[in-house]
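Welcome to this structure. Here are a few numbered notes to help you find your way around as you look at it for yourself.

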Amino acid sequence: MEYDDSDRAQTFAARTREFIDDVVIPVEREMLGDGPVDDDTIQELRDAAREAGVYAPHLPEEYGGQGLSYRDMLPVFEAAGRSLLGPPAVRVDAPDEGNMHTLELFGTDEQKETWLRPLVAGEARSAFSMTEPAPGAGSDPKMIRTTAERDGDEWVIDGHKWWTTQGSEADVLIVMARTDPDAHPYEGCSLFLVPTDASGVEVVRDVPHVGGALTGIGHAEIKYKNVRVPEDALLGQLNEGFTHAQQRLGPARLTHCMRYSGMAERALDIAKAYVSEREAFGTPLAEKQSLRFTVAEAETRLHAARTMVRHAAHEIETGGEARIPVSMAKVFTANVVQDIIDDSLQLCGGSGISKDLPIADFYENVRQFRIVDGADEVHKRTIARDAFDDIDSSEIDTLPNYER
């Protein structure tokens with residue numbers, strides 16, 4: 001399928017796909033059923049990605065990246081997503097990808113040297129610490145309870161977070177906290193860079209969860225008890241934390257979409273290969289009409305998802321907020337890729353649920369996508385609010401009315 005990707009984007013995507021297929025997937029096949037992958041293996045893959053010229057495509061060249069624009073990097077992310085090991089190998093893995101983008105946008109020169117450069121190099125890890133256990137902020141971020149109070153030339157942070165992805169492995173945490181208790185949370189919260197070894201940071205546990213067996217990335221519960229950070233730990237503007245978070249989350253939602261689109265495409269490739277070889281009731285499974293219709297619908301819906309993502313990305317790159325297109329693309333893609341991976345597993349039968357193929361790991365991993373970066377229901381609420389924002393009552397003037 002042809003898309004309106006630039007020549008540079010197509011070239012990088014093709015090179016990345018070749019790297020994933022030739023270098024990363026053979027390593028993945030050796031690891032299936034034996035995860036999580038060790039740090040040395042990831043480092044070897046990253047070294048190979050640098051040699052292939054596909055490492056950190058989305059980051060500035062001055063920090064060791066390839067300098068692709070936001071729109072151009074999306075098909076590259078899709079190619080990387082063909083394997084669960086692809087994003088960390090190419091360094092487009094969440095949450096570091098979004099956190100590096102946040103540092104690039106809002107970090108001071110000193111913050112970039114301290115954290116962005118080692119993150120790009122793969123020498124450090126990061127986490128975005130925003131979600132809180134009840135009754136704190138979950139799908140409704142306005143319920144945030146974590147606070148940061150100024151004390152002289154320091155900030156004192158107190159709060160309780162969880163689902164902080166990679167929190168237990170991170171070197172630095174980007175923490176969302178209320179800095180103006182009298183203001184609406186959207187206008188009274190800020191972001192802070194907090195080293196995980198700071199006094200008062202307690203990583204309580206990694207929350208047991210579905211998926212993650214191959215990559216080993218956890219979701220931490222973290223308590224912040226009288227955590228003191230210097231004044232220059234503030235990331236971006238004071239009380240603009242939600243604005244900055246949205247500037248991070250919009251693009252990050254679309255990069256998630258592309259990574260998972262690549263995963264769904266790979267699952268479908270595996271399923272098509274399997275049903276073409278496997279015979280039952282006298283003919284290959286691929287000749288059964290119901291299976292062919294399943295594949296046809298999957299191909300159609302995946303194309304629609306890719307198109308929606310590219311449209312939303314164009315809106316962002318041309319200066320638009322694109323809140324509605326992003327929400328539409330995210331909720332639609334999350335459901336499409338989940339369905340495709342589920343169908344692919346079903347088409348492979350018993351082999352689908354085995355760990356001899358990667359589809360079982362894909363299946364465990366994809367379910368979170370309908371929750372992370374905004375649950376389906378939150379995005380549908382946003383879309384519906386916009387849909388009902390401008391109602392033309394004259395459309396029903398022809399109906400009889402008891403009052404008239």
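1. A good place to begin is helix α5, which spans residues 96–106 and is mostly covered, with 8 of its 11 residues buried. The buried ones are D96, E97, G98, N99, M100, T102, L103 and F106. Please keep in mind that you are looking at a predicted model.

2. Next, turn to two helices that pack together. Helix α3 (residues 70–80) lies against α7 with an axis separation of 7 Å and an angle of about 30 degrees. The crossing of α3 past α7 is right-handed.

3. Which residues of α3 and α7 meet? On the α3 side they are Y70, M73, L74, P75, F77 and E78. Their partners in α7 are G250, P251, L254, T255, M258, R259, S261 and G262. Sorted by character, the residues of this contact comprise 8 nonpolar, 4 polar and 2 charged. As a reading aid, residues three or four places apart in an α-helix point the same way, because there are 3.6 residues a turn.

4. Now for the aromatic rings, where the count comes to 4 pairs. One of these is formed by W162 and W163, whose ring centres are 5.6 Å apart with 50 degrees between the planes, a tilted arrangement. W162 has a relative accessibility of 25% and therefore counts as partly exposed, since the partly exposed class runs between 20% and 50%. W163 falls in that class too, as partly exposed with a relative accessible area of 33%.

5. Another pair brings together Y186 and F242. Why is it called edge-to-face? The planes of the two rings stand at 65 degrees, and an angle over 60 counts as edge-to-face. The ring centres of Y186 and F242 are 5.0 Å apart.

6. The Y186 and F242 pair also links distant parts of the chain, as the two residues are 56 residues apart. Y186 sits in the loop between β4 (172–178) and β5 (189–195), while F242 belongs to helix α7 (residues 241–277). Are these two partners buried or exposed? Y186 is partly exposed, at 38% relative accessibility, whereas F242 is buried because its relative accessible area is 6%, which is under 20%.

7. Finally, have a look at two arginines placed over tyrosine rings. R50 lies over the face of Y55, 4.1 Å from the ring centre. R310 lies over the face of Y3, also at 4.1 Å from the ring centre.

Terms used
Residues numbered from 1 in each chain as written. Predicted model: local features only at pLDDT ≥ 70, side-chain atom pairs only at ≥ 80, totals over all residues. Heavy atoms only, no water. Phe/Tyr/Trp six-rings, centres within 6.5 Å; stacked < 30°, edge-to-face > 60°. Buried < 20%, exposed > 50% of the residue type's maximum accessible area, 1.4 Å probe, protein only. Helix = DSSP H or I, 4+ residues; strand = E, 2+ residues; numbered from the N terminus. Lys NZ or Arg CZ within 6 Å of the ring centre and 35° of its normal. Axes fitted to C-alpha atoms, helices over the stretch in contact; angles between N-to-C directions. Left-handed = near helix turned anticlockwise from the far one by under 90°. Contact = heavy atoms within 4.5 Å. Nonpolar A, V, L, I, M, F, W, Y, C, P; charged D, E, K, R; others polar.
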